[in-house]
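Welcome, and thanks for taking a look at this one with us. Please keep the viewer open while you read, since the report moves from place to place along the chain.

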Amino acid sequence: MTIIGLHCSSTDLHAGQIALIKHGSRLKNCDLYFSRKPCSTCLKMIVNAGVSRISYWPADPEISLQSEASNPVTTSDAKLDAKAVERLKSNSRARVCVLLQPLVCYMVQFIEETSTKLDFIQKIAKSQPDFNTDFYTACRQERIKEYESLFLISNEETHKQILMTIGLENLCENPYFSNLRQNMKDLVLVLATVAASVPVFGCFGFYSNEPQPTNETCHQGLPQEIARHCMVQARLLAYRTEDHKTGVGAIIWAEEKSRSCDGTGAMYFVGCGYNAFPVGSEYADFPHMDDKQKDREIRKFRYIIHAEQNALTFRCREIKPDERSMIFVTKCPCDECVPLIKGAGIKQIYAGDIDAGKKKADISYMKFDELEGVSKFTVNGVQKTKSIDDQQHQNKKLSLLHSCSVLFITQPVCTLK
Ligand SMILES: Nc1ccn([C@@H]2O[C@H](COP(=O)(O)OP(=O)(O)OP(=O)(O)O)[C@@H](O)[C@H]2O)c(=O)n1
């Protein structure tokens, strides 16, 4: 499966409409994932494009049903719309469903443990007395509160009413209702825990250590909120890894010259990946050992494809030389990947740098520090210069952290393992 788009609604358009504008009939046979149930305006076009599945988050639908008291007109329209959606759904080939599977029970603990070993947390921990990671727990609590208020409906009765109106009455009875709420809570907890691994803490952020050529927008850093958000996306991808020791995620975004209709501003998704064995291979086909294993022949390094390599291979858009393109990687790019990133024409790297300058037996990280012509942004506590974007785009949001709906689209063409 390849991800071909990631969009969020703008002031004028819903995410589904944006998908149509951006992809048109290329949506045929794709799967779409929505953070809200789509409204009839979006659904009729998407269904008509021949999508194969539409999954959505079963909370607040596209047209909010929660504003009964404040706006009864909107609510009656919303109910009418919900009926139209049901009718479109039952007459379409596409499956419209809630895709929420129970998570494995040790997931949150695993994320917490792996997060505290991560470059971003370690860099900040170094600045703390006794090298402690307590700030991570505080960040996590903040993210949990924030995500719960965005994605969950605290009042059970209100949630039931919403489910009834959007045609999910089958989920209103127990044990299905309590199971659904538990699965939603668990997933929100997982997302908040992953987000906290790229913490908002003091003056720490993704900054460049090199003097910035101020006249070239290609080298100017992103606003911190956006950089952090993209890195969280890379962190989520890292959990799909096939390397049982070290998961790495990478995502590539680029910026068009002019602002587009998308709620992501002028930014568009190029590609993403994580470290994995060659597409189609089975668990035992290749060695899994690291360089602590004496026998070099049974080490993983010659077989595993790095996160950046998969992101470049399975990208859905070209990297244009005159645009600001950027890759977000959860670990330091190694000596195999640095020339690939530069050669592909990517202008900026946001990455971990704990391994920078290290030479290990089968994998080295020497070229990252020496790399020239590509701007590098790593977690630093001292901001050299405030980026122009930070000043100009205080209100620009690229985020599912806001009340817009988001969607991503996958195409079952080739396998992103
Ligand atoms: N930019 C990078 C760097 C590494 N990797 C992947 O990350 C893993 C690194 O493996 P290993 O060297 O075992 O991990 P380290 O964290 O470097 O191990 P250690 O420091 O304990 O030696 C490999 O799967 C490699 O493909 C990656 O995808 N992208």
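Pro-175 sits in the loop that runs between α7 (156-165) and α8. The peptide bond joining Asn-174 and Pro-175 is cis, with omega at about 10 degrees. Do bear in mind throughout that this is a predicted model.

Another loop worth a visit is the one between α5 and α6, where Asp-130 lies. Phe-131 has its place in the loop between α5 and α6 as well. Phi of Asp-130 is near 60 degrees, a positive value in a residue other than glycine. For Phe-131, phi is near 55 degrees, again positive in a residue other than glycine. How are these residues placed with respect to the surface? Asp-130 is exposed, with a relative accessible area of 75%, and Phe-131 counts as partly exposed at 41% relative accessibility.

**The whole chain**

Stepping back for a moment, the protein chain holds 13 helices and 11 strands. Of its 417 residues, 52% are buried. Among contacts with a separation of 6 or more, 72% are between residues 24 or more positions apart.

The UniProt record, an unreviewed entry, lists residues 1-68 and 225-365 for "domain: CMP/dCMP-type deaminase". Over residues 225-365, the chain is 20% helix and 18% strand, and the C-alpha atoms at the two ends are 27 Å apart.

**The sheet**

Which order do the strands of the open sheet follow? Six strands take part, in the order β5-β10-β9-β8-β6-β7, and their pairing is mixed. β5 (205-207) and β7 (267-274) stand at the edges with a single partner strand each, so one side of each is left without a neighbour in the sheet. On average, neighbouring strands of this sheet are turned by 20 degrees against each other, direction ignored.

Even so, β7 is mostly covered, as eight of its eight residues are buried. Seven bridges join β7 to β6 (residues 249-255), and the two strands run antiparallel. Turning to β10, six of its six residues are buried, so this strand is largely enclosed by the rest of the structure. β10 pairs with β5 in the antiparallel sense over three bridges, and with β9 in the parallel sense, also over three bridges.

If you would like to follow the pairings residue by residue, here are some positions to click on.

| Residue | Partner | Strand of the partner |
|---|---|---|
| Gly-249 | Tyr-274 | β7 |
| Ile-251 | Cys-272 | β7 |
| Phe-206 | Val-379 | β10 |
| Ile-349 | Lys-376 | β10 |

As a reminder while you look at them, side chains in a regular strand alternate between the two faces of the sheet.

**Helices against the sheet and each other**

Two helices that lie across the sheet are easy to pick out. α5 lies across β5, β8 (324-329), β9 (348-351) and β10 (375-380), running at about 55 degrees to β10. α9 lies across β5, β6, β7, β8 and β9, and runs at about 140 degrees to β6.

Both helices come up again around α4. Which residues of helix α4 (residues 107-116) are buried? They are Val-108, Ile-111 and Ser-115. Seen down the axis of α4, these buried residues fall within an arc of 60 degrees, so they line one face of the helix. Their cover includes α5 (119-126), α6 (134-151), α8 (176-196) and α9 (224-238).

**A buried glutamate**

Let us finish at Glu-323, which has its place in the loop between α10 (307-313) and β8. Is Glu-323 buried or exposed? With the cut-off for burial being under 20% relative accessible area, Glu-323 counts as buried because its relative accessibility is 8%.

Leaving aside residues up to four places away in sequence, Glu-323 touches Cys-218, Ala-254, Glu-255, Glu-256, Lys-257, Tyr-268 and Lys-347. One of these, Ala-254, is 69 residues away along the chain, yet the C-alpha atoms of Glu-323 and Ala-254 are separated by 6.7 Å. Another of them, Tyr-268, is joined to Glu-323 by a polar contact of 2.4 Å between the two side chains.

Technical notes. Residues numbered from 1 in each chain as written. Predicted model: local features only at pLDDT ≥ 70, side-chain atom pairs only at ≥ 80, totals over all residues. Heavy atoms only, no water. Buried < 20%, exposed > 50% of the residue type's maximum accessible area, 1.4 Å probe, protein only. Helix = DSSP H or I, 4+ residues; strand = E, 2+ residues; numbered from the N terminus. Arc of directions from axis to C-beta. Contact = heavy atoms within 4.5 Å. Pairing = 2+ DSSP bridges. Axes fitted to C-alpha atoms, helices over the stretch in contact; angles between N-to-C directions. Polar contact = N/O pair within 3.5 Å; in protein donor to acceptor, adjacent residues only side chain to side chain. UniProt positions renumbered as here; feature names shortened; annotations may be inferred.
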